[in-house]
Amino acid sequence: MSAVPQAALQRAPVINDSPAVRLRDVTVRFTTERGVVTALERVSLTIPHGGFLTLLGPSGCGKSTLLRVVSDLIPSSAGEVEVLGTTALAARARRDIGFVFQDASLLAWRTALENVQLPLEVGGGGKRRGARDAHELLAMVGLAGWENAYPHELSGGMRQRVAIARALINDPKLLLMDEPFGALDEITRDRLNEELLRVWENTGATILFVTHSIYEAAFLGQQVMLMAARPGRVREIVPVPLHSPRHIAMRDTPEFVALAANLRTVLESC
Ligand code: ADP
Ligand code: MG
């Protein structure tokens, strides 16, 4: 994480009553040797505080780019980005954003507990006010008793659980997840999908979750945003009418089957 000039933070206004994330006509272009790539074209979306939005679309439609813009890892070329009532830069600098990637990227020489605590050491060390307890987080993701295990002693699903606990250590208000379960077997993925919903209910965090699985998108999201590629753009935002708490068995209900079929139809027309 790069250092952020204090002046930039002081200038960043905090807008009360704003949604957790608001993008207005956001365009991102990359200049490459082969010309200009429009990764996102005029993307607009709103996620309320405590909401769960899933981004669903084929490879290359700009899903990762969108997460990078929301976390200020890349700038937008045009449009407005508002995160937690301020700029993406200020939200990230306040450590209000947690990130989970497909690859858990744990440090091999640190235990599960030490990996979860790692973000506390970034940027000067010392326990940040408001930081959560790493033991409690590991228990919340189902890893009580595994605190002292090293990554090579954990399964892929357990490593992703550690990555989720690590992303929650600074008690972020916004959790960005980029295909976090994409490399896992189906049974583990189903279990983690259910567990993630419990974590979401427990923490009250807003979640923006990227996937290319129709079932995962529909099962997790309160809304599913369907995207199309070349250029990356929003096709449709579809509300999910499933009640809480959700369980994997709900995927066999007629409502869910109809929803998944509808999402597939939209994706195929992209
Ligand atoms: P997704 O995550 O949906 O697979 P990405 O956001 O990674 O899609 O990429 C969207 C498009 O932007 C792709 O065409 C990709 O090649 C291009 N792209 C992404 N990052 C860069 C970059 N840093 N430089 C050039 N092109 C990029
Ligand atoms: Mg991606």
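# Exercises: a ligand shell, a helix pair and some backbone outliers

Helix H2 gives the largest share of the shell around ligand 1, three residues. The model is predicted: local features need pLDDT of at least 70, side-chain atom pairs count only at pLDDT 80 or more, and totals for chains, interfaces and linings use all residues. Residues are numbered from 1 along each chain as its sequence is written, chains are lettered from A and ligands numbered from 1 in written order, and side-chain values use heavy atoms, with hydrogens and water left out.

## Exercise 1

Task: list the residues around ligand 1 and sort them by character.

Solution.
- Step 1. Apply the cut-off: a residue is near a molecule if one of its heavy atoms lies within 4 Å of it.
- Step 2. Read off the shell: Phe 30, Thr 32, Val 37, Ala 39, Pro 58, Ser 59, Gly 60, Cys 61, Gly 62, Lys 63, Ser 64 and Thr 65.
- Step 3. Sort them. Ala, Val, Leu, Ile, Met, Phe, Trp, Tyr, Cys and Pro count as nonpolar, Asp, Glu, Lys and Arg as charged, and the others, Gly among them, as polar. The shell divides into five nonpolar, six polar and one charged.

## Exercise 2

Task: find polar contacts of ligand 1, its buried share and the elements around it.

Solution.
- Step 1. Search for pairs of N or O atoms within 3.5 Å.
- Step 2. A ligand oxygen lies 3.1 Å from a polar backbone atom of Gly 62. For an N or O atom in the side chain of Lys 63, the distance to a ligand oxygen is 2.9 Å. For the side chain of Thr 65 the distance is 2.5 Å.
- Step 3. Taken alone, ligand 1 exposes 560 Å², and the protein buries 65% of that (Shrake-Rupley, 1.4 Å probe).
- Step 4. Assign elements (DSSP runs; helices, H or I, at least four residues; strands, E, at least two; numbered from the N terminus). Strand E1 (21–32), strand E2 (35–47) and helix H2 (63–70) each give two or more residues to the shell.

## Exercise 3

Task: describe how helices H6 and H7 pack.

Solution.
- Step 1. Fit axes to C-alpha atoms over the stretch in contact; angles run from 0 to 180 degrees between N-to-C directions.
- Step 2. The axes of H6 (residues 156–168) and H7 (residues 186–203) come within 11 Å and cross at roughly 15°.
- Step 3. H6 is therefore roughly parallel to H7 (angles under 35 degrees).

## Exercise 4

Task: locate the cis peptide bond between Arg 230 and Pro 231, and the positive phi of Arg 42.

Solution.
- Step 1. Omega is about -10° between Arg 230 and Pro 231. Pro 231 sits in the loop between strand E8 (223–228) and strand E9 (233–239).
- Step 2. Arg 42 is not a glycine, yet its phi is about 45°. Arg 42 lies in strand E2.

Technical notes:
Polar contact = N/O pair within 3.5 Å; in protein donor to acceptor, adjacent residues only side chain to side chain. Parallel < 35°, antiparallel > 145°, perpendicular 65-115°, else oblique.
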